[in-house]
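Got the viewer open? Follow along, selecting as you go.

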Amino acid sequence: MKPSKMTKQNLQCLTLLAEIGQTAEKLAAEGGVEFAVAILKKENQNATVIPEEDDYYQINLASNEQELEKKENALESIKTSDLVEQKSIAANAVDLLGQMIKDSATAQKLLNPEALKEVLQTLQANAGDKDIAEKTLLILNKAVQDPKLAKAIEENNGVNTVFCALNQHPTDSKIIELSG
């Protein structure tokens with residue numbers, strides 16, 4: 001099933017709140033990291049499931065051109081009038097997680113091997129998405145400073161996953177820098 005508009009809005013609101021330093025700490029203390037990781041886990045599971053036909057809108061190929069044009073215009077007006085930024089749930093969850101993980105000390109305190117596994121799976125599934133790649137690599141850079149978290153990254157095939165993202169963006173200086 002596709003994510004709801006409400007879910008995206010909630011994630012975006014939490015991300016905006018997390019931009020305020022003390023609020024980010026409070027969100028993390030109240031389970032914000034676990035929430036973001038749970039969203040990533042659900043998205044990672046959904047990425048491996050073959051969607052059923054009923055889950056997606058289908059265009060009747062027998063429709064004439066005018067009907068298709070009407071549908072396209074209606075869809076475009078919905079997209080442009082939508083107040084929610086057109087980002088995936090995974091991108092919004094990574095944004096939220098990134099706002100709460102401000103530095104390596106915070107990463108050490110808030111992240112665990114299971115959370116890093118989900119971050120790595122998200123990077124692997126979305127390596128072509130520059131925004132997700134940058135933000136997950138930034139989280140991983142903060143986490144790798146802690147030997148326990150570095151070991152978890154290594155055990156979850158983190159090096160290959162980072163190289164996968166790097167291969168998708170070989171000329172992007174920020175991704176090159178974050179790839180270490």
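Start by selecting α7 (residues 113-125) and α10 (158-168): α7 passes α10 in a left-handed crossing, meaning that the near helix is turned anticlockwise from the far one by less than a right angle (clockwise would make it right-handed). Helices here are DSSP runs of H or I with at least four residues, numbered from the N terminus. You are looking at a predicted model, where local features need pLDDT of at least 70 and side-chain atom pairs count only at pLDDT 80 or more, while totals for chains, interfaces and linings use all residues. Residues are numbered from 1 along each chain as its sequence is written, and side-chain values use heavy atoms, with hydrogens and water left out.

Now show side chains. The contact (heavy atoms within 4.5 Å) is made by L120, L123 and Q124 of α7 with G158, T161, V162 and A165 of α10. By class, that gives 4 nonpolar, 3 polar and no charged residues; Ala, Val, Leu, Ile, Met, Phe, Trp, Tyr, Cys and Pro count as nonpolar, Asp, Glu, Lys and Arg as charged, and the others, Gly among them, as polar. The axes of α7 and α10 are 9 Å apart, at an angle of about 30°, so the two helices are roughly parallel. Axes are lines fitted to C-alpha atoms over the stretch in contact, and angles run from 0 to 180 degrees between N-to-C directions. Under 35 degrees counts as roughly parallel, over 145 as roughly antiparallel, 65 to 115 as roughly perpendicular, and the rest as oblique.

Keep α7 and add α9 (residues 147-155). This pair packs at about 45°, with axes 9 Å apart, and is therefore oblique. The crossing is right-handed. P113, L116 and L120 of α7 meet L149, A152 and I153 of α9, a contact with 6 nonpolar, no polar and no charged residues.

Next stop: α8 (residues 130-143). Which of its residues are buried? Select I132, A133, E134, T136, L137, I139, L140, K142 and A143; buried means under 20% relative accessible area, with over 50% exposed and anything in between partly exposed (1.4 Å probe, protein chains only). Their cover includes α5, α6, α7, α9, α10 and α11.

Finally, pick M100 in α5. M100 is buried, at a relative accessible area of 2%. Its contacts, not counting residues up to four places away in sequence, include A18, L27, V33 and L110. Then put a distance label between the C-alpha atoms of M100 and T15: the label should read 8.5 Å, for residues 85 apart along the chain.

How values were computed: Expected span 1.5 Å × (residues − 1).
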